[in-house]
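Q: I am new to this structure and should be grateful for a close look at a single part of it. Please choose one helix, describe it carefully, and then relate it to its surroundings.

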Amino acid sequence: METAKGTSDSFDSFSSLGTYWRALLHTPHRVWQRGCAVSTVTDQMTEVKARSGAEMDRKLQWWDVIALGVGGMVGAGIFVSTGTAARDHAGPAVVISYLVAGISALLSAVCYTEFAVEMPVAGGAFSYLQITFGEFPAYITGANLVMEYLLSNAAVARSLTSYAASAFGVLEANAWRVEIKNFVAPPGFTHLDFLAVAVVVVLTVCLCFSTKKSSTFNLVMTVLHIAFVLFIIVAGFVKGDPKNLTTAGAAAAAAAPVDDATSRSGFAPFGIRGVFSGAAIVYFSYIGYDAVSTTAEEVKNPAKNMPLGVSGSVIIVTILYCLIALALCMLQPYDMIDSGAPFSTAFRQIAGWEWASNCIGAGASLGILTSLLVAMLGQARYLCVLGRAHVVPYWFATVNSFTNTPVNATIFLGICTALICFFTDLQVLLSLISIGTLFVFYMVANALIYRRHVVVGKTSPLPTLAYLTALTTLAACFVIVWQSMDSTSTVATTTTTSVNNNSYSSCSGSAALLLVCCASLSIFITGVFWWKVPSVHKGKEWTVPCMPWIAAASIYLNVFLLGSVDTDSYIRFAIWTALAVVFYFVYGVHSTHDAEMRALNLEDLEEDHQVTTCKSTAGYCSSLISLVVEFNSATEDHVTVNMMDSKLPTSGNSSTAQSLDINPPAATCGTSCFEPQLINPNNIPAVTAEYIAIPASRR
């Protein structure tokens, strides 16, 4: 049985090989203790936040948040995914696909926003899950997010070189890369990309220097990028033909059977299933707003600015996406769209507008810069908060006192991104990017419902967990049936016999009935849950309306989109998750255990030495403990004690501050809360200190 008291080994599992080996023997017990350990909003806002030392500056306004959201979402993806979705899945109805995907993104965004308003810290989804489902689920989510960001950022940086070259009329993808000829390298690792590395390095320096200045740079680049997007929209409306929205091109007419020559014409030639399949593809163009939630710790008045910024950016991007998709389908019949370079090809078909294809490359390059900036900003803050939670080395949690940014995490991830994009081919990276972000959206929606209806120690979590499990199961069944309809449809289109057609009609009817049953049951159990299980927690400043319906719809849509992800992505997700679990077992759980033991040791000090008399000459009272230690002249170390939730003055009475040996941020403290360092009484080489303030959360 492990205890909080004893030797220093109780507080450092990594002090020696012997100590670490003994810690490993306690791994099952520690995982059982720590895996579902739930944090609190108060802890996240005070104790955990204070572990970074300096605070991040709150300088961002709602327009900064909107610019970061728009810049993070409107990248190069729209210039590729629109063509694939229109040609192969939805036809001109890709406009509706973007609308459906935008609604799904908005549902997830508002779930994020409630957490960001109630708990405006840099942890994003990791912190939200830590206060609901506990440490291990939050860690797995955070680890997958960091890896997803790392690989996707490398892929985006790599694609910048190709788009920048196309802006100058160079269409060869590797023209601006250096090929390795004298070294043996596997395929996909033979072209070095110096431009991508340079861009990553420059953005890393910007993010280290100042979040506000980086936001200003992003705002300028986003405005320029949106100008290019608006140019495409206007040009498409002016030079396009509305008939292309309902009429297929010559290729479709020639390919269609004689008795079915018009089957592929119309606004939605692939039907409602094609619209939703297209939505699953274009949804990835919306990914990026989640990174904005990590800036909540740097936003002024988050209760007002976060809902405006996050939701506003998703709405603006949805409108832009629908308009640009409509412009593309007006420029060319959907079946003649080039899925690889849809906009460039469309403008080359217009006499005298060949030059516009170069503008596409320039606009895409600007989009890459903004989306890469926002994603690199988000990934550093995720890693910073993982460090605060001690599941990764604490070094990553440090916030620089001069720049007020997480410099260590930013530089580390910047170096990793630069190394990966330097030699790894874009196709290799794209094959590794997986379902991490969609999985996080799904988890955050579940966490919001759980938090609204469960208070630990007061309400039973079983009804809520049963509802969430049933809803996910029904959503998964819906996806399986939907995918089977796609497979059946594919088989039917390759045959012409009446027997096969009748079989397809029968299967299609049964599948449609199952879809209706799954959807109806989902609505029914959500209604029962809403009626029978009361809400026990609600934010004070801003909350998601129409709960649990909004979060339930988000869960359903995210499960549907997860069903569209290919098998290779699930394999990558499983492999990386397994590696993350191993790291948690060999490091994370022991590091968090040590932090908990140090905290419990402080509580023991409080119980042993608590006094309640007023000791302040300024007339303020606080719960104090008395602790006398000897000065160590050899090391001249000092106990630095920051006050948290204490009424002792931090300025105005210098003698009090000196007697307490306080290290106060006198100019910025005000009513803010600061955490005292965790002290092991067996190892305190320090000056004599009469009193140490005990935080309210420990009392």
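A: **Helix α19 and its surroundings**

Helix α19 comprises residues 436-453, and at 1.5 Å a residue its 18 residues should span 26 Å; the C-alpha atoms at its two ends are 26 Å apart, in agreement with that expectation. The model in which this helix appears is a predicted one.

The setting may be given briefly. The protein has 699 residues, of which 54% count as buried. Its secondary structure comes to 24 helices and five strands. Among contacts in the protein with a separation of 6 or more, 82% are between residues 24 or more positions apart.

Within this setting, α19 is largely enclosed by the rest of the structure, because 18 of its 18 residues are buried.

One neighbour of α19 is α22. In general, a pair of packed helices is described by the angle between the axes and by the distance between them. The axes of α19 and α22 come within 9 Å and cross at roughly 155 degrees. An angle over 145 degrees counts as roughly antiparallel, and α19 and α22 are therefore roughly antiparallel to each other. The crossing in which α19 passes α22 is left-handed. On the side of α19, the residues that meet α22 are Leu438, Phe439, Phe441, Tyr442, Ala445, Asn446, Leu448 and Ile449. Their counterparts in α22 are Ala551, Ala552, Ser554, Ile555, Asn558, Val559, Leu561 and Leu562. By class, the contact of α19 with α22 consists of 13 nonpolar residues, three polar residues and no charged residues.

The loop that precedes α22 also deserves attention. Proline 548 lies in this loop, between α21 (498-532) and α22 (549-562). Methionine 547 and proline 548 are joined by a cis peptide bond, with omega at about 5 degrees. Cysteine 546 is found in the loop between α21 and α22 as well. Although cysteine 546 is a residue other than glycine, its phi is positive, near 55 degrees. As a general matter, most peptide bonds are trans, and most residues other than glycine have a negative phi. Cysteine 546 is exposed, because its relative accessible area is 57% and the cut-off for exposure is over 50%.

A positive phi also occurs in another loop. Histidine 390, which is not a glycine, has a positive phi of about 70 degrees. Histidine 390 is found in the loop between α16 (356-388) and α17 (407-423). Histidine 390 counts as buried, because its relative accessibility is 10% and buried means under 20%.

The two helices on either side of that loop are themselves in contact. The axes of α16 and α17 come within 8 Å and cross at roughly 125 degrees, and α16 and α17 are therefore oblique to each other. Their crossing is right-handed. Met376, Gln379, Ala380, Leu383 and Cys384 in α16 meet Ala409, Thr410, Phe412, Leu413, Gly414 and Thr417 in α17. The residues of this contact between α16 and α17 comprise seven nonpolar, four polar and no charged ones.

Helix α8 (residues 135-167) holds asparagine 153. Asparagine 153 counts as buried, at 2% relative accessibility. Neighbours within four places in sequence aside, asparagine 153 is in contact with Leu372, Ala375, Met376, Gln379 and Thr417. Met376 and Gln379 are among the α16 residues that meet α17, and Thr417 is among the α17 residues that meet α16.

Phenylalanine 422 belongs to helix α17. With a relative accessible area of 22%, phenylalanine 422 is partly exposed. Residues up to four places away in sequence not being counted, phenylalanine 422 touches Arg158, His191, Leu192, Asp193, Phe194 and Val197. The C-alpha atoms of phenylalanine 422 and alanine 157 are separated by 9.3 Å, while the two residues are 265 residues apart along the chain.

A further helix pair may be set beside that of α19 and α22. The axes of helix α6 (residues 94-118) and helix α14 (residues 302-331) come within 9 Å and cross at roughly 170 degrees. That angle makes α6 roughly antiparallel to α14. The contact of α6 with α14 has 22 nonpolar, four polar and no charged residues.

To return to the part chosen at the outset: α19 is a helix with 18 of its 18 residues buried, and α19 and α22 are roughly antiparallel to each other.

Methods. Residues are numbered from 1 along each chain as its sequence is written. This is a predicted model: local features need pLDDT of at least 70, side-chain atom pairs count only at pLDDT 80 or more; totals for chains, interfaces and linings use all residues. Side-chain values use heavy atoms; hydrogens and water are left out. Helices (H or I, at least four residues) and strands (E, at least two) are DSSP runs, numbered from the N terminus. Buried means under 20% relative accessible area, exposed over 50%, partly exposed in between (1.4 Å probe, protein chains only). Contact means heavy atoms within 4.5 Å. The expected span of a helix is 1.5 Å times one less than its number of residues. Axes are lines fitted to C-alpha atoms, for helices over the stretch in contact, and angles run from 0 to 180 degrees between N-to-C directions. Angles under 35 degrees count as roughly parallel, over 145 as roughly antiparallel, 65 to 115 as roughly perpendicular and the rest as oblique. A crossing is left-handed if the near helix is turned anticlockwise from the far one by less than a right angle, and right-handed if clockwise. Ala, Val, Leu, Ile, Met, Phe, Trp, Tyr, Cys and Pro count as nonpolar, Asp, Glu, Lys and Arg as charged, and the others, Gly among them, as polar.
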